[in-house]
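Colleague: I'm new to this one, so could you walk me through it?
Modeller: Sure, let's bring it up and take it piece by piece.

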Amino acid sequence: MIRIKNEKQINGIRKSCKLLAALYEELLPMIKEGITAADIDEYCKNFIKANGGTPAWYSEDFPGAVCVSINEEVIHGIPSRRKVVKAGDLVSLDIGINLDGYISDAAKTVGVGKISPRESELIEVTKACLDAGIAACKAGNRIGDISRAVYNIARSAGFGVVYEYCGHGVGLDVHEDPNVPNVPSKRGPNHRIVPGMVIAIEPMITLGTDDVELLSDGWTVVTADKSRACHIEHTVAVFGDHTEILTAL
């Protein structure tokens, strides 16, 4: 069931999202060679706690306040002291905050030091996919319009598009209906977008295959061909005359 949010709920979600945006503003400059995923997790945990929130992933039993996914890791990378950021890495961070019962969700991918031109293009195209998905997320359209917008831009640039994982409703729980795929499909529901929807749109784009595998830790999702991946996400709220990017920096 899709949960349509009222004004009070959207205000609460917006506050959570602005706190998450502030966290990213502090965190992203810290993602440099030598930092560990555990360092990143500790910083996020302390920031969220200091500001009266709780890491949203704890409610999902994820072992960390932030997913730290590096290179071929697409999503849900577990933070650990052994995972050390190196020059040339692509680092994807996915963070959610529960603030007074309201959930925010956003992801960023950064290149560390010098990365290849194709990897830089991957990040820029993924951002363009997200922008196009958000532009298509307006009252009166359908979820499939978001999927098509994301997919067409990635494919036109020759990149892979992960289809096994997708965006989703968010705000009162971490994962809500509807699912928001990055690949259009004629099967399954294609819900109309209406005011009051709050949605996490999250393109997951790769340098190679569309296929992914789940590692034995039960969380980390990697590209099947070990090609590098990019994951960028915003939480948005739909109104009658516009769509607001709640997690914008």
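Modeller: One term before we start: a nonpolar core is a set of buried Ala, Val, Leu, Ile, Met, Phe, Trp, Tyr and Cys residues joined through side-chain atoms within 4.5 Å. Also keep in mind that this is a predicted model.

Colleague: Which helix gives the most to the largest nonpolar core?
Modeller: That core has 29 residues, and those with the most contacts inside it are Cys137, Ile146, Ile193, Ile199, Ile201 and Ile205. At least two residues each come from helix H3 (117-136), helix H4 (143-156), strand E9 (198-201) and strand E14 (234-238). The top contributor, with eight residues, is H3.

Colleague: Which residues does Ile146 touch, leaving out those up to four places away in sequence?
Modeller: Ile146 is among the residues with the most contacts inside the largest core. With sequence neighbours up to four places away left out, Ile146 touches Gly133, Ala136, Cys137, Val180, Ile193 and Ile201.

Colleague: How many residues are in the other core that lies apart from it?
Modeller: Nonpolar side chains tend to be buried together in soluble globular proteins. Here a separate core includes Leu19, Ile40, Val91 and Ile95. Its count is 25 residues.

Colleague: What covers the buried residues of helix H2?
Modeller: H2 spans residues 37-50, and its 14 residues reach 20 Å from first C-alpha to last, close to the 20 Å expected at 1.5 Å a residue. Its buried residues are Ala37, Ala38, Ile40, Asp41, Cys44, Phe47 and Ile48. The cover over them includes helix H1 (7-27), strand E1 (54-55), strand E2 (66-70) and E4.

Colleague: And just after H2, which residue takes a positive phi?
Modeller: Follow the chain just past the end of H2 and you reach a positive phi of about 85°. The residue is Gly52.

Colleague: Asp94 caught my eye. What is the nearest side chain of opposite charge to Asp94?
Modeller: Asp94 is found in strand E4, which covers residues 90-99. Its contacts beyond four places in sequence include Tyr24, Trp57, Asp105, Glu202, His231 and Glu233. Asp94 is buried yet has no salt bridge, and the nearest side chain of opposite charge, 10 Å away, is Lys108.

Colleague: How many residues apart are Asp173 and Arg3, the pair that links distant parts of the chain?
Modeller: These two side chains meet in a salt bridge, 2.5 Å from N to O, one of 12 in the model. Asp173 is in the loop between strand E7 (167-169) and strand E8 (176-180), while Arg3 is in the segment before H1. Asp173 counts as partly exposed at 38% relative accessibility, and so does Arg3 at 31%. Along the chain, the pair is separated by 170 residues.

Colleague: Glu121 and Arg118 are both in helix H3, so about how far apart are they in helical turns?
Modeller: Their side chains meet in a salt bridge at 2.8 Å, N to O. Glu121 is partly exposed at 33% relative accessibility, and Arg118 is partly exposed with 32%. Because they are three residues apart in H3, the separation is about one helical turn.

Colleague: Where does Lys226 sit, the partner of Glu213?
Modeller: The side chains of Glu213 and Lys226 form a salt bridge at 3.8 Å, N to O. Lys226 is partly exposed, with a relative accessible area of 46%, and Glu213 is partly exposed at 38%. Glu213 is in strand E11 (residues 212-214), and 13 residues away Lys226 is in the loop between strand E12 (221-223) and strand E13 (229-231).

Colleague: Which strands stand at the edges of the sheet with the order E6-E10-E13?
Modeller: This is an open sheet of three strands with antiparallel pairing. Three bridges join strand E10 (residues 204-206) to E13, and Met204 stands opposite His231 in E13. The edge strands each have a single partner, so one side of each lacks a neighbour in the sheet; they are strand E6 (160-161) and E13.

Colleague: Last one: in the hairpin of E7 and E8, which residue takes a positive phi?
Modeller: E7 and E8 pair in the antiparallel sense over three bridges, with Gly167 opposite Val180 in E8. Six residues lie between the strands, and the one with a positive phi near 130° is Gly171.

Key:
Residues are numbered from 1 along each chain as its sequence is written. This is a predicted model: local features need pLDDT of at least 70, side-chain atom pairs count only at pLDDT 80 or more; totals for chains, interfaces and linings use all residues. Side-chain values use heavy atoms; hydrogens and water are left out. Buried means under 20% relative accessible area, exposed over 50%, partly exposed in between (1.4 Å probe, protein chains only). Helices (H or I, at least four residues) and strands (E, at least two) are DSSP runs, numbered from the N terminus. Contact means heavy atoms within 4.5 Å. Lys and Arg count as positive and Asp and Glu as negative; His and the chain ends are not counted. A salt bridge is a side-chain nitrogen of Lys or Arg within 4 Å of a carboxyl oxygen of Asp or Glu. The expected span of a helix is 1.5 Å times one less than its number of residues. Two strands pair if DSSP finds at least two bridges between them.
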